[in-house]
Amino acid sequence: MFLLVQKHDPDCNLNITQLIQSKGYPWEEHKVTTADGYILGVFRVPHGRNASSLGRPVLLQHGLLDSATSWVINFPEQSLGFILADAGYDVWLGNMRGNHYSRAHVKYNPDHDEAFWDFSWDDMARDDLPSMIYYILNQTKQTQIGYVGHSQGTMIGFAEFGNLNNSAQNNVSFYGSLAPVAHLAHIKSPLKYLFNTSTNPEEVWHTLCAYDYGSPEKNQLHYNQTTPPIYAIRPMTIPTAICWSRDDWLADSDDVAFIFDNIKNLIYEKYIYDYNHLDFVWVIAANKIIYQDLITQIRLPKVQQPDPECDYNITQLIQSKGYPWEEHKVTTADGYILGVFRIPHGRNASSTTPGRPVLLQHGLLDSATSWVINFPEQSLGFILADAGYDVWLGNMRGNHYSRAHVKYNPDHDEAFWDFSWDDMARDDLPSMIYYILNQTKQTQIGYVGHSQGTMIGFAEFGNLSNLVQNNVSLYVALAPVAHVGHIKSPIKYLSTTSIMKDLELYWHILFGRNEFLPSSEIVTWLATFGCEQIKYDRLICENIFLVLYGPEKKNLNETRVPVYAAHEPAGTSVKNMIHFAQGVQTNTFQAYDYGSPEKNQLHYNQTTPPAYAIRPMKVPTAIFSGGEDWVADPDDVSFILDNVQSLVYQKFIPDYNHIDFIWAMDANQFVYADLLNVMEKYHPPR
């Protein structure tokens with residue numbers, strides 16, 4: 001009789017790269033440094049054993065007390081890391097701070113410095129996960145990544161992807177959640193016996209919240225509130241697949257129910273009745289029971305659920321980001337009722353007493369939503385509020401929020417639409433300024449205009465017979481417009497010299513006399529002049545606002561394009577568009593031309609339209625312009641720079657187009673940071 005002695009499995013002594021290599025797969029080791037200095041070990045299986053080309057990236061994230069080895073610890077046909085690589089994916093294996101492969105820091109030594117270990121899964125969600133995602137996207141030159149988490153890897157996913165203040169979820173096309181964890185109130189693991197508290201554990205663990213520092217004072221110090229912030233899953237919009245089980249000691253089915261109740265974009269769900277927590281990564285049959293379905297879901301063309309912000313009005317956009325708001329109605333001298341919105345202070349302001357007022361004024365075919373349409377750290381309206389200003393968001397007559405009059409009905413009365421930017425400069429702008437000053441009991445206001453918002457500023461502030469410029473302490477002009485003779489926007493094709501004599505008639509035949517609502521055929525025709533120059537994007541090239549301003553989107557957050565398209569165009573009159581077309585033809589900065597000396601004499605008491613002058617303007621002015629602006633062309637902007645006598649700051653951004661000044665992801669860095677510095681000097685918040 002012989003005794004068989006089990007030999008030691010060599011895999012016991014292999015590190016992760018040796019495990020990968022031993023199975024015949026290629027591997028790479030990467031180091032990712034987080035914003036707070038942790039150095040994470042991230043490993044890559046760029047392709048399968050029998051392939052050489054790179055597919056789209058997928059990040060696999062381990063659970064509590066685990067490492068990336070769990071994704072490659074079984075045989076190739078049983079390990080998700082290898083299965084995905086053989087399916088054509090570029091597989092990345094993440095390691096959270098503090099585990100065997102991420103035991104390093106730029107400053108602290110894990111063997112000696114207690115500060116190294118001062119972290120929880122909060123920090124993993126806030127720093128480790130986005131750091132890895134952005135690193136991988138930068139390395140692969142991709143725009144989106146697939147993400148699969150297990151256990152704690154799902155918890156940090158829910159915490160990070162559900163945070164509207166963070167943009168990481170915009171870069172995730174698919175989220176696979178294995179043994180998902182959020183609430184832990186019904187946990188069966190012995191871990192619950194370490195939770196020694198007089199409070200019912202279900203009451204404490206029945207929340208998905210940040211680390212509790214144990215006292216209101218300590219929480220106040222860390223979070224600026226006395227209780228730990230709650231994480232929300234509901235705002236997450238990523239297509240999500242969930243695999244879960246009844247026999248899971250950590251992700252109990254009662255707790256998983258909370259996740260199901262809050263997921264808005266669940267595309268797949270699988271229940272395996274006899275799996276425990278580790279079976280989702282280690283069990284022999286996981287390839288058949290879970291991984292095949294998971295890969296099918298990743299590969300399916302995802303039907304992206306509409307972003308709820310597509311249906312929000314401006315107050316809902318503001319409120320959804322946690323800011324206070326007010327709605328005001330301003331009636332002009334000629335009876336238009338303008339919708340003006342206010343953000344009196346920031347989200348986390350120590351005082352609810354408003355600072356000094358700033359009026360933000362939108363451009364052509366736009367509305368006040370553009371100042372709050374991006375995330376808080378990217379939207380000028382929110383940035384100014386957080387900087388201590390009392391922010392007012394104006395809307396010009398005829399747009400979505402100023403579609404009212406004391407006498408005329410915009411749906412029935414042609415007289416309602418008998419206006420152009422002349423009237424906005426003469427009536428709307430001063431009416432809003434004086435209303436705001438009256439409401440705030442201040443004597444001066446800061447003014448920021450974009451596009452048409454700058455045009456009416458130049459027209460009104462340069463008029464010495466008007467006193468309103470005395471009430472403006474700083475004027476910031478983004479993508480400034482006065483002359484438009486060198487415009488590259490397709491609007492120039494509706495303003496050619498061949499139709500100069502009959503321009504007004506030509507536009508009325510095409511668009512009528514009321515609201516500017518071009519047919520889809522005309523938008524398509526105009527789009528042929530711009531969209532052929534870039535990669536075609538249906539949402540952009542079927543939207544008149546985006547077609548006229550330029551369809552280039554390289555500086556935009558592409559996942560927000562449906563939101564932009566849902567809110568634009570916001571409306572204006574055909575007469576206002578004709579006024580712009582006249583400027584393209586004549587390259588002059590003047591009032592509306594009524595087409596004949598007799599008609600002009602009737603309106604202006606002179607046979608030609610009055611010219612507007614910028615030179616008399618005395619308001620301190622800051623100008624931001626772009627090199628790829630189809631509306632505020634650099635040659636036309638030079639006319640403004642030559643005539644502004646009180647220029648206090650000027651910045652040229654070579655690769656910015658017309659809408660980048662309000663929507664670009666990096667406008668906070670390239671525009672708003674400098675804007676705040678200038679405003680601090682000439683119009684400080686207090």
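## A first look at the chain

Arg 397 is a buried residue, its relative accessible area being just 1%. It's a handy place to start in this predicted model, and its partner comes next. Arg 397 forms a salt bridge with Asp 427, with 3.9 Å between the closest N and O atoms. The two sit 30 residues apart, and the pair links distant parts of the chain: Arg 397 is in the loop between strand 12 (390-394) and helix 12 (421-440), while Asp 427 belongs to helix 12 itself. Asp 427 counts as buried too, at 11% relative accessibility.

### The whole chain

Now let's step back. The protein chain has 686 residues, and 56% of them are buried. Its secondary structure adds up to 23 helices and 16 strands. How much of the contact count comes from residues 24 or more positions apart? Among contacts in the protein chain with a separation of 6 or more, those residues account for 73%. As for the outside, the accessible surface of the protein chain is about 29,300 Å², and carbon and sulfur atoms own 52% of that.

### More salt bridges

The count of salt bridges comes to 26. Here are three of them, including the pair we began with.

| Pair | Closest N and O atoms |
|---|---|
| Arg 97 and Asp 127 | 4.0 Å |
| Arg 397 and Asp 427 | 3.9 Å |
| Arg 403 and Asp 411 | 2.8 Å |

Take the top row: Arg 97 forms a salt bridge with Asp 127. Arg 97 lies in the loop between strand 4 (90-94) and helix 3 (121-140), and Asp 127 lies in helix 3, so this pair ties together parts that are 30 residues apart in sequence. Are these residues buried or exposed? Arg 97 counts as buried, at 2% relative accessibility. Asp 127 is buried as well, with a relative accessible area of 10%.

The bottom row has another story. Arg 403 forms a salt bridge with Asp 411. Here Arg 403 is partly exposed, with a relative accessible area of 31%, and Asp 411 is exposed, at 54%. Some salt bridges also share partners, and in that way Asp 36, Arg 97, Asp 123, Arg 126, Asp 127 and Asp 128 are joined into one network. Arg 97 and Asp 127 from the table are both part of that network.

### Backbone oddities

A few spots in the backbone are worth a look. Which residues does a cis peptide bond join? Glu 568 and Pro 569 are the ones, and omega there is about -5°. You'll find Pro 569 in the loop between helix 18 (561-567) and helix 19 (574-586).

Then there's phi. Leu 65 isn't a glycine, yet its phi is positive, near 65°. Look for Leu 65 in the loop between strand 3 (57-61) and helix 2 (80-86). With a relative accessible area of 87%, Leu 65 is exposed.

Ala 179 is another residue with a positive phi, about 50°, although it is not a glycine. Its place is the loop between strand 6 (172-178) and helix 5 (201-205). Where Leu 65 is exposed, Ala 179 is buried, with a relative accessible area of 1%.

Key:
Residues numbered from 1 in each chain as written. Predicted model: local features only at pLDDT ≥ 70, side-chain atom pairs only at ≥ 80, totals over all residues. Heavy atoms only, no water. Helix = DSSP H or I, 4+ residues; strand = E, 2+ residues; numbered from the N terminus. Buried < 20%, exposed > 50% of the residue type's maximum accessible area, 1.4 Å probe, protein only. Contact = heavy atoms within 4.5 Å. Areas by Shrake-Rupley, 256 points an atom, 1.4 Å probe, with all protein chains shown as cover. Salt bridge = Lys/Arg side-chain N within 4 Å of Asp/Glu carboxyl O.
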